[in-house]
Every structure is written in structure tokens, then in C-alpha cells.
Amino acid sequence: MSKIKSLICKATSSLATKNNDNNNLEPIQENNITANTPIEQTRWNGWGNVNINKKVSTHGAKLIKSHIGKTKKLPSVSLQEVLKTVPKSRLPAAMTELETVSIDNEVRLRHARGQSFPDWIAMHSGDFEVFPDGVAHPQSTDDVETLLKLAKEHDLIVIPFGGGTSVAGHINPKKGSRPVLTIAMSKMDQLIDLDVESQIATFGAGTQGPAVEAQLDAHGYRLGHYPQSWELSTLGGWIAARSSGQQSLGYGRIEQLFAGGTLVTPQGILNIADIPASSAGPDLREMMMGTEGRAGIFTTVKMRVQPQPEQELFKVAFLPNWEAGKEVLRQAVQGNIQLSMLRLSNAVETDAHLHLGTTPSQFLAISTYLKARGLSSDKVMLTYGVSGDKAQNKLALTQFNKLLKQHGSVTGKITDIMGSVWAHGRFKFPYLRGTLWDKGIMVDTFETATNWKNIDEQMQQMQQAVQTSLANEGENVMAFTHISHVYKQGASLYTTYFFRAAKDHAATLKRWQKIKHAASLSVANGKATISHQHGVGRDHAPYLAAEKGKLGIQVTNDMLKSLDPEQRMNPGVLIGD
Ligand SMILES: Cc1cc2nc3c(=O)[nH]c(=O)nc-3n(C[C@H](O)[C@H](O)[C@H](O)COP(=O)(O)OP(=O)(O)OC[C@H]3O[C@@H](n4cnc5c(N)ncnc54)[C@H](O)[C@@H]3O)c2cc1C
């Protein structure tokens, strides 16, 4: 036992002092995540800030390869090579003469693709297919109105662009005879007003996550919306694609945070009042959320904010198996325990997370400790948080600890430290995709939500579909899942999968298409949604009718047509072509 104790002591102090050999466990300040990341400072062909990297632990990469086999890196074209393929802009002089509009090739290239798997293939193969003909950077609602009027006059397609972090093909122009103008909202990035009495903050819709919180923090307030893409994604994108932040349990999804605002549509301005509640007919606020750029452009948005919490903590607990973990989540949310987040990794994800997020010595110490405390390879990791005043947090933690104990949890100093390590490094995880890509390991995710009653079956079906989707090629796909957003009636399921790059980009894309199709079919059964948080875009559009029904699609389409009769706003997205 003393040997185990000494292992734990070493691991605890190495985690606590971020002394690690794989650069994985750094506090948020050291992630270089600043208040605003201009697009020129981001990778043109991958995720995030060019100055931030994330290494993968050798034993983490080895674990993935033990599932999928030996891998080989795909070649990547250079920026200069792709720039040579950008065609001449088709925008009329009336547009290009505007100060707000750029037809610079690199600007167009940087607004041509998002972050979906097909986008990564396009960016690395150089086969972008289509570029916007120009990119506008409006600074006001008036500028956006002018741009939409000119777009009508010159029959342009318009694509609203927030942070470009879409993972479902939301902002990609498609081939067609009409020139494409992308309207990038990055210059509308300021806090315009803070109504402290009503706790409503008005922002430019192009404000990115860190800039939202930095500007609110200056007044002692917080929005509390933290999608994993927080570093680059924007208020307008969150509202238009109905996003969900990691602490949705405490702060609510974007639906709870968005109070109202200004939507500039091809038919005029729609003002959505920020009234707290109303029985005056269908809710325009709800109707415009999730319109994915097809109804118009949000220019200013009013957000429900709250004072900064007195205390915020993140912790980890391990439970003997999935069933026990799931019960803890369900009972905590249905029992109204005031937590800010709950996230449960299944056994495969727990093992992978322990490999990817630790050094070999930390991994050995944590695994030995958990084994000594009676946990087997079925163990699951539960990450949870509280955010509020100290008394409220204390009560929530007391109630939650009781529930954890009833279900056989293992907690200790080391698991507490794992919680803060997770919180400090949470926005750095997306950087791992590029690191794995360079090793020929392809990674993507698939997410849905369903009722508690269906959770297990849905997870099993989704994982099975993904894992067996390349069987006819003799390829293995590694998949694991976590629950990351919980509700009284159900939860979201988020599956991460890894597969090998094929001989070239086109063959690799085909592999991904098979996996995506199999996963999408596993939810198109009426019991789960095609997306809990990533939205529909182009990639999920073919599966939407299975969820909404023919009449549901017709109603949505009619509503969009009433605001955009000429179908110039992001056509093909959401409803499909
Ligand atoms: C690494 C990574 C992690 C992610 N994690 C999460 C997560 O935890 N939770 C989550 O919900 N999503 C997540 N996403 C998905 C993505 O970040 C969200 O869909 C986000 O809401 C997109 O915001 P954006 O500002 O980047 O919008 P964009 O990608 O630029 O656009 C998305 C859609 O919104 C429209 N749009 C953008 N701005 C406006 C506007 N002002 N007015 C009208 N329409 C507009 C666009 O036309 C498009 O249809 C993740 C993505 C990545 C790459």
C-alpha cells in the first residue's frame, strides 16, 4: 500500500504543478487564449490560433493505433498553391467599390470552409471547389442592410459568417451562377449596453466567446456559454446554430441565454423584443434561433447575463460502471442538485482520456489507485462542476457527494486535481485534431440527444454503426462516447471516433462519408435528434425530414421563404437544396 501511496503522491503533485511531458495539462492563461483572435492569426487549414499546439502522449497515440492499426500521414498542400486556384471574383463593381467588401484571394480562401471533416479534407488536398466571390466586414446594422439591398439588386447569394467553426458545412459556398458574398461579422464585436437592473447585455453579434466574457467581466458579469469552440465561435453563430456550452446545466443552453435582438432579413428588419416571457402568439425569438443564416443576419443581440459567481469548482469522480454513472446523472438532474455541469465518459472513453490526458507515470499512478480502490476496466469517469455562491456550492456538493457514494464512487485529492486540470485545458482539446491528423489518425465526432429511456440503446446503436461502417474495407474504427448535457427528460450523447487515413484524400473522404451515413441512420428513427448542438448545415440536412416530418419541413421552409423569397440567404443549408 505504501508503494501505491507514493505513486499517488507523485502523480498528484505532478498534476498539480502541471509538470507533464506531453504539454496537455496547462492552465487556461497559458493556453494563449486572448480576448479576440483575428482570422489572420488562425490556421488557414486547421483549428485555432497558429501559436497554440497540443502534443499527443505517446501512449495515447499507441492506444488509438492498437484499435485502428498503423497509420500514414496524408500530404498537405501549401497556402500558396491553393491561392493560385482562387478564381477571379464575379462581384459587380458596385460591391467591390464598397469599403466594407474585400475580394482579396486570401480573405476569400479563409472564409470558404469551416471545421467539418470534409472541410479539413478540402483544406489539406487544396480542392476547395468553390470560394466566395467576396467577403464583407460590416460595422453596423446599417452596413448589413445596405449589403442585403445590394445583394438583391445584383442577385447575389449571401452567407452569414460568425467564427467559421461550423462542423456541419454551414458556411461553404456551393457552385452556381449567382456570385457569393460572405458577410463576416468580426467587426461587430463590442458590448454595446449592459442593463444591470434587468441583467441584459447587448452585443455585436460577431463577438467571440473570450471577448464576450472579457467585456462582461470588466463589469462583474458573465454569460456562461462555453462551447468547446469558445475561443473562435461567436454569439451570432451560437444563436443561428443553437449551440450548447459545457456548463449548460447551470447557465442554460443558448435558447435560455438569448433574449432578443435585431435580425436583418431580405424583407426588412425583424426586431425581436427582449421581454422575459409572453403569451402573445408564437415566439419569434424561438422561431429565429436555429435558422442557420437562412432567415437573415443577427447584427445586435441581447443576452441574459448574471453576476460573476463567487466560486467555481470542477471535480472528477470515478464510478464502477456506466449504469452507476448514468443513474447518478439522472438522479442529480431530476433531484434539482444545483450543479453547473455533468459529463460522463463511458468505459472506453475513460480509458482513452486517461491515456491522452496524462504522462505515463501519471497514468500508472491513477490506474493503480483506482484498481486498489476496487474499480475494474468497466470504470467510468464523471466530471462535474459547481458555479455560484459558496453556500449554494457547498450544499450542492454535499448532496451530490451523497449520491456519488450511494453508487460506489471513488474520489480523492487526485480526482479533485483532475477536475481543475480538465477545466484549465478544456479549450485546448480541439488542437489535438491537427496533431493526430499529422500522424494519419483521422478523428471526428457525432452527437445527438434522446430521452433517458433510450440512452443506452442509442449509444450502443450509434457506436456499433460507427465501428462497423468500414468493415467491408477491413478497417476498424475506434469509438467512444460521453454524455455532456443533461436534462430531466434525457441527455445528449457525444461519440468520438478515429479511423485511418486511406491512400489519398478522396478515398479518406469516402471512408468518412460511410461512417457519417451509418451514424446518421442510427438516429433517424424518431427517438433521437440529428443534432443536439452542432446544427444541421449541409451535412445533416438529408436526415432532417426523418425527424421533423414532411409537414414540419414544409412549415420551416415556408417561414424561411417568407423572409427570403428569392432564396439568397445560405441556400442548401438546413433544409437542403
Ligand atoms: C473544435 C470545435 C468544438 C465545438 N464544440 C461545440 C460545442 O461544445 N457546442 C456547440 O454547440 N457547438 C460546438 N461546435 C460547433 C460550432 O462551434 C457551433 O455550431 C457554433 O455555434 C458556430 O458558431 P460560429 O460563430 O463559428 O458560426 P459559423 O460557423 O460561422 O456559422 C454557423 C451558422 O450560423 C450562421 N451565422 C453565423 N453568424 C450569424 C449571424 N450573425 N446571423 C445569422 N446567422 C449567422 C452561419 O450562416 C452558419 O449557418 C464546435 C466546433 C468545433 C470546430
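Helices (H or I, at least four residues) and strands (E, at least two) are DSSP runs, numbered from the N terminus.

**View 1. Residues around the ligand in the predicted model.** The ligand is surrounded by 35 residues. The closest are Pro-160, Gly-162, Thr-165, Ser-229 and Thr-234. Sorted by class, this shell holds 14 nonpolar, 20 polar and one charged residues.

**View 2. Backbone contacts to ligand oxygen atoms at Gly-163, Gln-228 and Gly-237.** A backbone N or O atom of Gly-163 is 2.8 Å from an oxygen atom of the ligand. A polar backbone atom of Gln-228 also lies 2.8 Å from a ligand oxygen atom, and for a polar backbone atom of Gly-237 the distance to a ligand oxygen is 3.2 Å. On its own the ligand has 960 Å² of accessible area, of which the protein covers 96%.

**View 3. Elements and domains that contribute to the ligand shell.** Two or more residues of the shell come from each of β3 (157-161), α9 (235-240) and β10 (297-304). The most come from α9, which gives four residues. Domain 2 (79-184) and domain 3 (191-307) each supply at least three residues to the shell.

**View 4. The open five-stranded sheet that includes β10.** The strand order is β5-β6-β10-β8-β9, and the pairing is antiparallel. β5 (191-195) and β9 (268-272) are edge strands with a single partner each, so one side of each has no neighbour in the sheet. On average, neighbouring strands are turned by 10° against each other, direction ignored.

**View 5. Pairing of β8 with β10.** Strand β8 (residues 258-265) runs antiparallel to β10 and is joined to it by six bridges. Gly-261 has Val-301 of β10 as its bridge partner.

Technical notes: Residues are numbered from 1 along each chain as its sequence is written. This is a predicted model: local features need pLDDT of at least 70, side-chain atom pairs count only at pLDDT 80 or more; totals for chains, interfaces and linings use all residues. Side-chain values use heavy atoms; hydrogens and water are left out. A residue is near a molecule or strand if one of its heavy atoms lies within 4 Å of it. A polar contact is a pair of N or O atoms within 3.5 Å; within protein, one must be able to donate a hydrogen and the other to accept it, and residues adjacent in sequence count only if both atoms are side-chain atoms. Accessible areas come from the Shrake-Rupley method with a 1.4 Å probe; for residues, only the protein chains shown count as cover. Ala, Val, Leu, Ile, Met, Phe, Trp, Tyr, Cys and Pro count as nonpolar, Asp, Glu, Lys and Arg as charged, and the others, Gly among them, as polar. Domain bounds come from an automatic or database domain assignment. Two strands pair if DSSP finds at least two bridges between them. Axes are lines fitted to C-alpha atoms, for helices over the stretch in contact, and angles run from 0 to 180 degrees between N-to-C directions.
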